[in-house]
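Dear colleague,

Please find below the structure that I am handing over to you. My findings follow after it.

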Amino acid sequence: MLQHSSLITGIDLKHHHVKNTNRTAPKSENVYQLLLVKLYRFLARRTDANFNKVVLKRLFMSRINRPAVTISRVVKNAQEGKTSVVVGTVTDDSRLLEVPKLSIAALRVTKTAKARILKAGGEVLTLDQLALRAPTGSNTVLIRGAKNSRESVKHFGMGPHKNKKPFVRSKGRKFERARGKRQSRGFKV
C-alpha cells in the first residue's frame, strides 16, 4: 500500500507568503543601461565566469547601492596590466596630484576624471567595450565605492550612548544642550 505523504508535496507554511525581493531587472528606464543588462544577461548565462553574474547583479542595483568611485580609490586598488571595472560612476579627486596610466571600464566617467586619465596616457572603456575585450572578465579588477559615506548613514541607529549624529537644527549654544548633554542636567552621553 502506498503512503500518500511521500507523493504529495506540502506547502511551506513558514515561507508561504515570503516574496523574493531580489531584483531581476533594473528600475531605471535608461535604454543604454537596459542594453547592457541584455548583454550581460547573455554572458552570465552562456559563460561560466562569475564576473558576468556579479556585473549583471550590480547593473540591477539602485544608485545608493552603486556609489561613486574616486580616481584615487581606483589608483589604490589598480593592478599592473589589469583593467579596473566599476559598475557606477568614476569621479575626479583633486587631492590626487599625479594620475598614473590607468585602464578603466565604467558605466560613467565624469568629464574631469576622463580628461586626467586620458592625459596620463590611460584609457576609458564602456562596459560593452569591455565585454568584447574580456567576455569572461579576465585580467580585470572589480572595484566598489564606499557605500556608508552618505550623510544619512551617520544618523542611523540614533539613541543614547550610540555616538550617532543627532538631527539638530543648529550646533549652537541654544540647541539640545541640556538633559543628556550635561552632567548637571540629568546625565551626559
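Is Y32 buried or exposed? In this predicted model, Y32 is exposed, because its relative accessible area is 65%, above the 50% cut-off for that class. The residue lies in helix α2, which covers residues 31–46. Together with V31 and L35, Y32 makes a nonpolar surface patch of about 370 Å².

A second patch on the surface carries positive charge: K57, R144, K147 and R150 form it. Of these residues, K57 belongs to helix α3, spanning residues 50–60. K57 has a relative accessible area of 54% and is therefore classed as exposed.

As for the overall architecture, the protein has six helices and five strands. Their order along the sequence is α-α-α-β-α-β-β-α-β-α-β. The radius of gyration is 24 Å, whereas the globule rule gives 16 Å for 189 residues; the protein is therefore more spread out than a compact globule. Along the principal axes, the C-alpha atoms fill a box of roughly 80 × 70 × 30 Å. Of the 189 residues, 30% are buried, that is, they have under 20% relative accessible area.

In summary, two surface patches may be of interest when you inspect the model: the nonpolar one made by V31, Y32 and L35, and the positive one formed by K57, R144, K147 and R150.

With kind regards

Note on methods. Residues numbered from 1 in each chain as written. Predicted model: local features only at pLDDT ≥ 70, side-chain atom pairs only at ≥ 80, totals over all residues. Heavy atoms only, no water. Patch = residues over 30% accessible without salt bridge, like charges linked within 9 Å, V, L, I, M, F, W, Y side chains within 5 Å. Areas by Shrake-Rupley, 256 points an atom, 1.4 Å probe, with all protein chains shown as cover. Salt bridge = Lys/Arg side-chain N within 4 Å of Asp/Glu carboxyl O. Lys, Arg positive; Asp, Glu negative; His and termini not counted. Charge placed at Lys NZ, Arg CZ, Asp CG, Glu CD. Helix = DSSP H or I, 4+ residues; strand = E, 2+ residues; numbered from the N terminus. Buried < 20%, exposed > 50% of the residue type's maximum accessible area, 1.4 Å probe, protein only. Rg over C-alpha atoms; globule rule 2.2 N^0.38 Å.
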